[in-house]
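Here are my notes on the model, set out as numbered points so you can follow along in your viewer. I hope they are handy as you look around.

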Amino acid sequence: MDMWTADIWNGNEEECKIILNEPGNWEKVPLLFDDKIALGTFVRFKGMIQDMLNPEYYSSNFKIINSENDEFTLRQAKYHSSIKNLQPGEEVVFGDTLMERHIVACIPIPGLNEWAKDVTDTNKNAEAQQEENINKRIRLDPACQKYSKEIFIFVYPEDININELKLNQIVEVVGFLDRRTIQEDNGDLEGQSSIAKETHCIHAVQLKLLKNLIPDNEETYKSIWNDAPNIHAELKFVLTQALLGDSLVADYLLFYLVSTIYNRQHNLVPGKFSLNIRGIPRDIEQSYTKHLYSLISYLVVKSEYLPIQIHTLNNMDMIPRKCYTSNRLLNGFLQLSDRTHLVLDETDLQPGNLDSKGILNLEALKNIISNQQMKYDFTYYGMDYETQIPTLTLSIGKSLLPCDIDIVLKPDPSYSADVEETMKSVLDYLKSQLPLVDKLRKYIAIISTFPFKYDQDILQVIENDYVEMRRVDPKNVSGDDLHIFLMISKLIALCSGKNEFDNPIWESGKSLENQRKLRNK
């Protein structure tokens, strides 16, 4: 495969596909990680779809004619965007048959955490390699953001179903490296002027949609599911230590980490779990929230940390916007792929005034939290795009942002005496238990994706309980409470390796919610 060119692929497509799809061969394709790779090389790239441009037409073939003797060579134009190595006296004549190809702009995966950027050397012992990666931070994958530039992917409809591609999806492509001149916004918001620049592109021969960046083969699923009760206990222990001894908040933070949206219908977003942990002690808030985020980023694949401050809201480009001069969608901080955990830190929020941009940014955050949607800015109108961005808000008092569930942190005094030392000891413990860390990461990524069923008998019990709760306290029990009870109980079951409700799990869910409500009074 190292010697493959676009012409070789065009002439031997079926044979090349068979070789590429043999087990292990996809991973052998060299990764694009710098500007030194020769044009025409067969490469692999992983990134997020940031924009989808208009399709373009190209001649299906062309002739290279020698003007001295009129001899010519007929070449296929597929997988080419430029013609290289023309000799003196040669000219190009394009054919009349036009074909269509689509252009997808990809960027390195936003929020991808350091540990997820490591590339494993298969020749080394797995545990030793993990330890070396932690120390050396090997970054060869473009997802590591070592290669930080935008890449244009040319997608050919006869090879790849373009209808499967959507904004903010994670894709991995293999294809032939080339270069392309494009128009880019120069930052002039009023004039929306643009400049031309040359950038890399890849002519894709195959493409994979990646729903999960952690290996999720059948063996991994089976292993995690069978060991779920033990992994759950270990994760809760770690989170309890990080939450300064508060095991109740640890339960809810664990649910936040593993939650995922399922069966979205219209304005209903079942599985959405936005959490506000409030009551962060004033004397420890800034250092503590950053340490807590560091722990979260050590466990989840993708995450972003955003301090909620007046200056940040008024100045940060959070919302993607359309530039009509370059005909490009310009990236915003909140353009994130599914299950990028967003941590919002309000502990340093000071009084001040929001300008128009700040108000729009705040509304965008509220929309994500409440509806898992974001309105992209197309200048003359806004367009809603669905998101799946789990949000955690950390605050001293009640957050200015909405949430599905809020809970007050009650630190154990023995833990909060030295927060720095407590958080350091938690991370040191994890770094000394690398096989455990690997299990925790896989558990968080996949445990809530297992199928789940509701037995008719337990649904009847739930219905009777809800009717009774409404009878006893009609003012404080609503349909939203029932949804939260069901969601918490489902997460309790899945986190324990059970794929259906039973009465003890339902009672556990109600008990947790009653404890939370009692604490919040």
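1. Let me begin with Tyr324, which is partly exposed because its relative accessibility is 35%; the cut-offs are under 20% relative accessible area for buried, over 50% for exposed, and partly exposed in between, with a 1.4 Å probe and protein chains only. Tyr324 sits in the loop that runs between strand E12 (321-323) and strand E13 (328-330). Helices (H or I, at least four residues) and strands (E, at least two) are DSSP runs, numbered from the N terminus.

2. A word on the basis of these notes: this is a predicted model, where local features need pLDDT of at least 70, side-chain atom pairs count only at pLDDT 80 or more, and totals for chains, interfaces and linings use all residues. Residues are numbered from 1 along each chain as its sequence is written, and side-chain values use heavy atoms, with hydrogens and water left out.

3. Which residues join Tyr324 in a nonpolar surface patch? The partners are Tyr380, Tyr381 and Met383, and the patch covers about 460 Å². Patches are made of residues with over 30% relative accessible area and no salt bridge, with like charges joined within 9 Å and nonpolar side chains (Val, Leu, Ile, Met, Phe, Trp, Tyr) within 5 Å. The accessible areas come from the Shrake-Rupley method with a 1.4 Å probe, and for residues only the protein chains shown count as cover.

4. Next, the salt bridges, of which a search of the whole structure finds 28. The criterion is a side-chain nitrogen of Lys or Arg within 4 Å of a carboxyl oxygen of Asp or Glu. One of them pairs Glu114 with Lys117, with 3.0 Å between the closest N and O atoms. Glu114 is partly exposed, at a relative accessible area of 34%, whereas Lys117 is buried, at 8% relative accessibility.

5. Helix H12 (residues 419-431) holds both Asp428 and Lys424, which are 4 residues apart, about one turn of the helix. Their side chains form a salt bridge, with the closest N and O atoms 2.9 Å apart. Asp428 is partly exposed, with a relative accessible area of 38%, and Lys424 is partly exposed too, at 48% relative accessibility.

6. For a link between two helices, look at Asp481 and Lys517, whose salt bridge has an N to O distance of 2.9 Å. Asp481 belongs to helix H15 (residues 479-495) and Lys517 to helix H16 (residues 503-520), so this pair ties together parts that are 36 residues apart in sequence. Asp481 is buried, with a relative accessible area of 13%, while Lys517 is partly exposed at 27%. Elsewhere, salt bridges with shared partners connect Arg278, Lys398, Asp406, Glu513 and Arg516 in one network.

7. The second largest pocket holds about 1,200 Å³ of space. Its lining counts 36 residues, and those nearest its centre are Gln169, Lys211, Asp338, Arg339 and Gln388. Strand E16 (382-386) and helix H13 (434-446) are the elements that give two or more residues to this lining, and H13 gives the most, with 3 residues.

8. On the pocket search itself: it uses a 1 Å grid over the protein atoms alone, a pocket being an open set of points where a 1.4 Å probe fits, with protein on both sides within 12 Å along at least five of seven lines, and lining residues have an atom within 4 Å of a point.

9. Two loop residues have a backbone worth a look. Most residues other than glycine have a negative phi. Tyr79, however, has a positive phi near 70°, and Gln372 has one near 50°. Tyr79 lies in the loop between strand E4 (72-76) and strand E5 (90-94) and is buried at 2% relative accessibility. Gln372 lies in the loop between helix H10 (356-371) and strand E15 (373-377) and is buried at 3%.

10. Finally, two contacts across the sequence. Val300, in the loop between helix H8 (285-299) and strand E11 (303-307), is buried at 2% relative accessibility. Its C-alpha lies 8.8 Å from that of Lys442, although Val300 and Lys442 are 142 residues apart in sequence. Ile261, in the loop between helix H7 (247-258) and strand E10 (275-278), is buried at 16%. The C-alpha atoms of Ile261 and Thr449 are 9.3 Å apart, with their positions 188 residues apart along the chain.

How values were computed: Points joined across faces, edges and corners; volume = space filled by probe spheres on them.
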